[in-house]
Amino acid sequence: MYVSMPQLMQGRKALVLGVANKWSLAYAIAQAFAREGAELALTYQGERQKQTVEELGHELSAGTRVYPCDVTNDAEIESLVASLGNDGGRIDAVVHSIAFAGRDELSRPFLETSRSGYLLALEISSYSLVAVARAVSPLMAAGGSIITLSYIGGVRVVPNYNVMGVAKAALEANVRYLASDLGPAGIRVNAISAGPVKTASARGVKDFSKMLESFAAKAPLRRNTEPAEVADAAVFLASDLGRGVTGNVIYVDAGFQIMGL
Ligand code: NAP
């Protein structure tokens, strides 16, 4: 007898930031959320991305709403929240899947990191989680789940990851402080530390293909990470299955992080 599985996010409203294209981790997460019955809102950065994200959103689900949001711009974050408020009010889950560092910073020695490159990487990849959490949490009056994406380069030295590793270290600390501040309101904050996946951002890291090869050779599961695996962990964190988990960094990386040499 076929028993259908209940949808884990039926009736939930999810805001997903960071869909650039079909290879984005945020896209895989939005797809899994739609599969589980969530109503979606997506954001794009800049006019040039508007049409792409609108098309992707409508492919995911006819009712997907799409808004502009450059996370370096406080006014855009505020107007995103105002629009979400006007378009139905409540938000149950937020996915922050955003990072940026200049190509130069991801190819020369970390020692050569420029002041402006450091500040830009930290602003977009780390501070933005604080800004988004502060702006959106008033829409989470019934509690909710905020999820960000991290990488092992935040706790270990990964060649060429450089300032992005420092940004991920700060991001993971943000998760703990935000979880402590927002926990009394029933809002959980967690990170998923994903294994390397070939996306537009990942291509900015020098020798990324070598990183994929050495990762698969060393990981206990002897393979790379699939975006769908990251997405299913996000469903766990965004749904009631993850109701007891906050302030955590969950590794979805084929086990890579346990290995020594
Ligand atoms: P991606 O598809 O390139 O996604 C990065 C997103 O960040 C893009 O949508 C990009 O928008 C957005 N973004 C950059 N600057 C922004 C700004 N100022 N305001 C708003 N959005 C901005 O790459 P991805 O690999 O899926 O990255 C998503 C997250 O996963 C990142 O935090 C990344 O560090 C993390 N992660 C990735 C891997 C991996 O191997 N791929 C592993 C672990 C963790 P535009 O394209 O329009 O600039």
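Which residues' side chains are joined by a polar contact of 3.2 Å? In this predicted model, the pair is E105 and R108. E105 belongs to the loop that runs between strand 4 (93–96) and helix 4 (115–136). With a relative accessibility of 5%, E105 falls under the 20% cut-off and therefore counts as buried.

Then there is the ligand. The space it takes up is the largest pocket, and 29 residues surround it. The closest of these are S24, Q45, V197, T199 and S201. Sorted by residue type, the shell around the ligand comes out as 16 nonpolar residues, ten polar ones and three charged ones.

As for polar contacts, oxygen atoms of the ligand pair up with both backbone and side-chain atoms of the protein. On the backbone side, an N or O atom of L25 sits 2.8 Å from a ligand oxygen, while for I98 the corresponding backbone distance to an oxygen atom of the ligand is 3.3 Å. K168 brings in its side chain instead: an N or O atom there is 2.8 Å from an oxygen atom of the ligand. Taken on its own, the ligand would expose 890 Å², and the protein buries 91% of that area.

Terms used. Residues numbered from 1 in each chain as written. Predicted model: local features only at pLDDT ≥ 70, side-chain atom pairs only at ≥ 80, totals over all residues. Heavy atoms only, no water. Near = heavy atom within 4 Å. Polar contact = N/O pair within 3.5 Å; in protein donor to acceptor, adjacent residues only side chain to side chain. Areas by Shrake-Rupley, 256 points an atom, 1.4 Å probe, with all protein chains shown as cover. 1 Å grid on protein atoms, 1.4 Å probe; cavity = no way out; pocket = protein on both sides within 12 Å on 5 of 7 lines; lining within 4 Å. Sits in = over half its atoms within 2 Å of the grid points. Nonpolar A, V, L, I, M, F, W, Y, C, P; charged D, E, K, R; others polar. Helix = DSSP H or I, 4+ residues; strand = E, 2+ residues; numbered from the N terminus. Buried < 20%, exposed > 50% of the residue type's maximum accessible area, 1.4 Å probe, protein only.
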